[in-house]
Structures are given as structure tokens and as C-alpha cells.
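Trainee: I would like to look closely at one part of this model, and then to follow its surroundings outward step by step. Could you take me through it in one connected account?

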Amino acid sequence: MSGFSENEKSILKNSPLLNHLSDENYQAFMAISSRSTFGKGDVLLKEGELNDDFFIIVSGTVGLYKKENENAAPELIDTLTSGETLDEIRVIQNRTCALTVIATEATVVLQTSISRLHALENHQCHDAIVEPVIKIISDRLFHSNETILNKIHEKKRKNKQFICILFGMLVLF
């Protein structure tokens, strides 16, 4: 855990991914991880690329960007901050990055190698973090569903307003 301040160590120890680990698994996890810093505008992950690392944000904020299609510019869909994880789904399933992640300010992260986590000598640590990874993914899915539902309701509300305005204009004419 060298390189982390006491405050950063506390953030990590209390993060949703690591807060339940035994001391042994926590130390094993930290041994295969490192502290990395990114400046504003630096890319941590790029949509469509394969990466061996996932991250826990220690300080700072990152933006999550998604392209509508191959030719479209990426659009900001959310932000993440201290204690939250990035690309944790790859602990369970090796796949390309679904989003581009860009630091929106100076950001410190704990960077962990997925291949080292999957190594035989770390299987106990890997097994210990699978459940919190599933919970994090589940929470994000729930949040995404709520966001989509809110956008649908907003669109319906705007459509009703538009119809009322059109009806009002028709009545005036």
C-alpha cells in the first residue's frame, strides 16, 4: 500500500469493493495493485479496447462516455467519484471496455491487474471480490433502469405539453 496517504487508505478500505474483505484478502488485493494518477483529460479506459486493469477511484472524478454509433462523438452519460469502481465487470467476464473513461479533474486511482487477480495464487482473493462486483453491477443496472424510466417519463410529459400547446393554438385560430 505504499504511496497512499492515510486518508486514501481509509477510502480504499471502506470502498464497496473492498470493505468486506478479510485482512489476508485485502493485503493480497493490495499486493497486486498500484497507485496511479491521471490529469484532467487523461483517458483511463477506451470504449472497444481490451484492458488488463480495473480501478477504484481514490480521489477525483471521471466522466463515462458512450458512442451512439461508430461515427458519433462520445456523449457523457455519467460521472463517478471517490470509492467507486471502473471496469469491474471484467473480474467476472473478460470483454472489451463498454465505455470511454476520462478524468474530469486530477484523479488518483488504485489500479489492479485482472490477470494477476485471476492467477492461481490469488484465487481466494478473486473469489472474495466476486460478490461485491456483482452487487456493484446490479446497483448500476438499477440506476440505469431508473434513469431510462425518468427519461421516458420526461419525454411523455414534453409530448403532452406539446399536444396541449398545439391544441391551444388550434383553439385560438
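Mentor: Let us start with Asp87, which sits in the loop between strand 6 and strand 7, and keep in mind throughout that this is a predicted model. The backbone of Asp87 deserves a second look, since its phi is positive, at about 65°, although the residue is not a glycine. For background, most residues other than glycine have a negative phi. Is Asp87 buried or exposed? Asp87 has a relative accessible area of 13%, and because the cut-off for a buried residue is under 20%, Asp87 counts as buried. If its neighbours within four places in sequence are set aside, Asp87 is in contact with Leu45, Asp53, Phe54 and Cys97.

These contacts lead in two directions, and we can begin with strand 3, which spans residues 53–59 and so takes in Asp53 and Phe54 from the contacts of Asp87. Strand 3 and strand 6 pair in the antiparallel sense, over two bridges, and in this pairing Phe55 stands opposite Leu86 of strand 6. Both strands belong to an open, antiparallel sheet of four strands with the order 1-8-3-6. The edges of this sheet are strand 1 (33–38) and strand 6 (85–86), each of which pairs on one side only. Helix 1 packs on the sheet, where it touches strand 1, strand 3 and strand 8 (107–113), and the direction of the helix makes about 125° with that of strand 3.

Within this sheet, strand 8 is joined to strand 3 by six bridges, the two strands running antiparallel, and the bridge partner of Ile57 in strand 8 is Val109. Strand 8 also pairs with strand 1 in the antiparallel sense, again over six bridges, and here Arg35 has Leu110 of strand 8 as its bridge partner. How many residues of strand 8 are buried? Seven of its seven residues are buried, which leaves the strand mostly covered. In a regular strand, the side chains alternate between the two faces of the sheet. In strand 8, Thr107, Val109, Gln111 and Ser113 point one way, while Val108, Leu110 and Thr112 point the other way, and residues in both groups are buried.

The helix that lies on this sheet can be examined through one of its residues, Glu8, which is placed in helix 1 (residues 6–13). Glu8 has a relative accessible area of 10%, and is therefore counted as buried. When residues up to four places away in sequence are not counted, Glu8 touches Gly3, Arg35, Val58 and Val108. Of these, Arg35 is the residue whose bridge partner is Leu110, and Val108 belongs to the group in strand 8 that includes Leu110 and Thr112. The side chain of Glu8 also reaches the backbone nitrogen of Ser5, at 2.9 Å.

The other direction from Asp87 runs through its contact with Leu45, a residue that stands opposite Val101 in strand 7. Strand 2 and strand 7 (residues 100–103) pair in the antiparallel sense over two bridges, and they are part of another open sheet of four strands, with antiparallel pairing and the order 2-7-4-5. The edge strands of that sheet are strand 2 (43–45) and strand 5 (75–81), each pairing on one side only, and the twist averages 30° from one strand to the next.

Between strand 3, of the sheet with the order 1-8-3-6, and strand 4, of the sheet with the order 2-7-4-5, there is a loop that holds Gly60. Gly60 has a relative accessibility of 15% and so counts as buried. Gly60 touches Leu80, Thr81, Ser82, Glu105, Ala106 and Thr107, not counting residues up to four places away in sequence. Gly60 and Ala103 are 43 residues apart in sequence, but their C-alpha atoms are 7.7 Å apart in space.

Finally, consider the largest pocket, which has a volume of about 1000 Å³. Its lining has 31 residues, and the closest to the centre are Leu64, Ile77, Leu99, Arg140 and Ser144. Which elements contribute to this lining? Strand 4 (61–66), strand 5, strand 6 and helix 4 (123–172) each supply at least two residues, and the largest share, 10 residues, comes from helix 4. This brings us back to our starting point, because strand 6 is also one of the two strands that flank the loop of Asp87.

Note on methods: Residues numbered from 1 in each chain as written. Predicted model: local features only at pLDDT ≥ 70, side-chain atom pairs only at ≥ 80, totals over all residues. Heavy atoms only, no water. Buried < 20%, exposed > 50% of the residue type's maximum accessible area, 1.4 Å probe, protein only. Polar contact = N/O pair within 3.5 Å; in protein donor to acceptor, adjacent residues only side chain to side chain. Contact = heavy atoms within 4.5 Å. Pairing = 2+ DSSP bridges. Axes fitted to C-alpha atoms, helices over the stretch in contact; angles between N-to-C directions. 1 Å grid on protein atoms, 1.4 Å probe; cavity = no way out; pocket = protein on both sides within 12 Å on 5 of 7 lines; lining within 4 Å. Points joined across faces, edges and corners; volume = space filled by probe spheres on them.
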